4 protein chains.
Amino acid sequence: MSRKPAKARSGAKRAAGKTGEGPDSRERLLRAAHLEFAAEGLRGARVDVIARRAKINKQLIYYHFGDKDGLYLAVLEHAYSEIRQKEHDLHLADDEPVEAMRKLIGFTFDYDAEHREFVRLLINENILEARFVRKSKLIKQTSSPMLDLLRDTLKRGAAAGEFRGDVDPVQFYISMAALCFFYVGNVHTLSALFERDFNRPELLQERRKHVIDFVLGYLRPEGTTAAKAKRSAGTRSMRALPV
Amino acid sequence: MSRKPAKARSGAKRAAGKTGEGPDSRERLLRAAHLEFAAEGLRGARVDVIARRAKINKQLIYYHFGDKDGLYLAVLEHAYSEIRQKEHDLHLADDEPVEAMRKLIGFTFDYDAEHREFVRLLINENILEARFVRKSKLIKQTSSPMLDLLRDTLKRGAAAGEFRGDVDPVQFYISMAALCFFYVGNVHTLSALFERDFNRPELLQERRKHVIDFVLGYLRPEGTTAAKAKRSAGTRSMRALPV
Amino acid sequence: MSRKPAKARSGAKRAAGKTGEGPDSRERLLRAAHLEFAAEGLRGARVDVIARRAKINKQLIYYHFGDKDGLYLAVLEHAYSEIRQKEHDLHLADDEPVEAMRKLIGFTFDYDAEHREFVRLLINENILEARFVRKSKLIKQTSSPMLDLLRDTLKRGAAAGEFRGDVDPVQFYISMAALCFFYVGNVHTLSALFERDFNRPELLQERRKHVIDFVLGYLRPEGTTAAKAKRSAGTRSMRALPV
Amino acid sequence: MSRKPAKARSGAKRAAGKTGEGPDSRERLLRAAHLEFAAEGLRGARVDVIARRAKINKQLIYYHFGDKDGLYLAVLEHAYSEIRQKEHDLHLADDEPVEAMRKLIGFTFDYDAEHREFVRLLINENILEARFVRKSKLIKQTSSPMLDLLRDTLKRGAAAGEFRGDVDPVQFYISMAALCFFYVGNVHTLSALFERDFNRPELLQERRKHVIDFVLGYLRPEGTTAAKAKRSAGTRSMRALPV
DNA sequence: GATGAATGAGTGTTCATTCAT
DNA sequence: AATGAATGAACACTCATTCAT
């Protein structure tokens, strides 16, 4: 890592994807690096291990990405891109506010639960004080649409008398993300302290339900019964809002 | 060739505290290690750096703690102990439910915000899959009292008609911890994505208020106005529930 | 923290020999390691010293042999291979029994005397309780032919009435090896105790003669005069039977 | 070892033995050191391990023996002394030549077989090029009587027509020692190569018999039948001639 | 694109030895 | 005589990176 600065080749090429190289060594490399960086962190990850896992020669990493940092950034951008792509396919604006919110929370939870390497990657990026996210325009550009969407949903819900009216969208977004993310990210210490395995499917579902319940419980307008907010807490798979 | 890590010394002595040996190198060592492990993780932390910061000879680390892992475990246990000690001094059971809850949330948030190294340590411990927390009886033993206390507070609040009655204490605890912890732990990526500095004092206070609001909003019994739950959101510094 | 030794490279290549890479760093490495291990033992040998002597980068040792143990094993196998190779070129079976035996003893003595590092290596390997010899199939496989040859020679000699008939080949081999090996291996304490330098050429020759005399003296069939066994005790350089 | 030269306390005291200290910490220390040095060699032996095994404080070693080398020398001298003491109690001169020789060989073999740590110590001392034996007057002084005794026995045997007359006592001594010592010292590689466990009691006895047979076979005067030399090859426990 | 060999700067750990009491 | 704490100098091994082809 940053022992001697080298110039990364890629750039435009990186975005362009495969240029007809072997089967797809670049893809394999990114995948292997993603797993290794998630599991070990930037510093902990070993270039040799990544190369071995991707079944490529170590030098190729330097050829493609300049250095370890370059590879890490590529992995991070790739991971964000993937999510944004999936988000693009969702149409939350078409749903009613409560239903949209339910979907949003459920999807966020599910995505975190099913993509622990991604959660790990974000945790690691915070340990690095977001050094790479800050560097990447690509990543930052894609976060505003989701906030706009959330703001709109909250507004529609408040107008319909289904949500309370004093909700700050940014704080709300952070809270919702927190309720999902924290559980997945801290599952090991939680499991150790409470002496149960929070990764068991039943407990995951229990948590999922609780999170939806928790968020909708907060969103209730003053004087509203919670009962209404309770039906069909299990709707799944829509859209994730990564941190 | 394999080298076998030796066993660490002390134990009883460790708990007994300083024996009057001047500037107390052992204390300095733990403090320096805490900071280094929090900043760099177990693997990333450098034994040399810790020794230099503690102004002791590197070998002394091995003399006192056996190896790097031993030092890490000691730091972890020390960190948990410190909090438990502080908890012991608080008397949440003496307060009314709503007030107690307010204090609890406020303190949790404040503790996380003021002890980022501790938050980091826990994040890192999760990256290690809680390998060390699981190993430590000391740490696990001290988690149950706090859960009992929380359970009791929720029960009292529900009985008084101030809290909803269907709250699972464990899930609730995790959620409350999440709302505080996540903000501190992920402040860098959040700041980068939303392009503002979430560490600024005003934003910290705004978050603090939001978290209390969010939790109490959820706790409202059905049909209750949120207004009541809003007064005096600023009570500070009581008790933290670390993960 | 535990570090796991990596696996060594090559294998086939190792046997294949140099690939034309100039001064052949691998060869130099083995030679340097042989000397260092012989002089200092496995534990006492210093990787840095070996690297310096071989004029290569220390890391290369790990690249080629995995770890210090791997290098030691390679040296051991290389040393045995060399001898076996030399043995292959000798044709003891073509000689008359007494002459063959004389050659065999002389060569064993000479080889030990001229390859003290090899003697040292074996001594060291015994200190290690033959941990590496036991591990190596290569080494074990090549020991049986020489035993067969010895058995055959003894049989031929007995049939011709030149050797006694009750000789156990294994015990005999050990005894012959002992008479040569011990002198070389313990030359320093022997020299100190008897206050003379047993490494002086005349003393070496005296010993050589004595050993041949001793063995042939034992081999005499009952009732035979020793005189016959005495002629031409000086034949040299044929075949060594290392331990 | 020789990192900073320190002055050993002992000297006269060392020879004088205990001066009324604890139970016998000095004895325990020597015994523990003997085992550790035999097993690991001078360099390989660990001062901490010795201290732990002897159940004394590490510093005491430095108090008593100055440094590691001093302790090693003390162990070596102690080991030699012990044997000389035992030798003193034997009265080989009283036996008939053949019987005396038989006893001598048997005892040498038995002593080596039963005191492998001593064998190891000597091997190690040779690796050190007899640096310490050479330094020690005590050790050298005690080797001549045994050579005189051997010379006398050979002379008596030759005069009686029971031994050949051309035997060099020094070479003979070395050969006899070799036949015993080598087997014990190289038992591990021998066992590995011949794929049997040469430490098994039956094989030890077989070897013992062979060695006596071998030596007496050599000693036969010209024209003598071996049969005579064969009776009662099993007499035991008399006197050892260490190297 | 792709590869094997090579390298310098660490990195955790060990060890004999000394200090202060 | 005895002890716990402290230290400097190694030491085996690792890792990101570059060279030559």
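**Exercises: the chain contacts of a predicted model**

In this predicted model, 100% of the interface residues of chain C are also interface residues in chain D, so the copies meet through the same surface.

**Exercise 1.** Find what relation links chain C to chain D.

*Solution.* Start with the superposition. Chain C falls on chain D with an RMSD of 0.1 Å after a rotation of 180 degrees. The shift along the axis is 0.0 Å. A two-fold axis has that relation.

**Exercise 2.** Describe the side of chain C that touches chain D, from residue counts to helices to residue class.

*Solution.* Count residues, taking a contact as C-beta atoms within 7 Å. Chain C contributes 46 residues and chain D contributes 47 residues. Next, assign the helices. At least two residues each come from α2 (25–44), α7 (116–127), α8 (131–135), α11 (169–185), α12 (187–194) and α13 (201–219) of chain C. Of the elements, α11(C) gives the most, with eleven residues. Last, sort by class: 22 nonpolar, 15 polar and nine charged.

**Exercise 3.** Which element supplies the largest share of the side of chain B that touches chain A?

*Solution.* Set out the contact. It joins 46 residues of chain B to 47 residues of chain A. List the chain B helices that supply at least two residues each: α2 (25–44), α7 (116–127), α8 (131–135), α11 (169–185), α12 (187–194) and α13 (201–219). Then pick the leader. The largest share comes from α11(B), with eleven residues. To finish, the classes on this side of chain B are 22 nonpolar, 15 polar and nine charged residues.

Note on methods:
Residues numbered from 1 in each chain as written. Chains lettered and ligands numbered in written order. Predicted model: local features only at pLDDT ≥ 70, side-chain atom pairs only at ≥ 80, totals over all residues. Contact = placed C-beta atoms within 7 Å. Helix = DSSP H or I, 4+ residues; strand = E, 2+ residues; numbered from the N terminus. Nonpolar A, V, L, I, M, F, W, Y, C, P; charged D, E, K, R; others polar. Least-squares fit on C-alpha atoms with pLDDT ≥ 70 in both.
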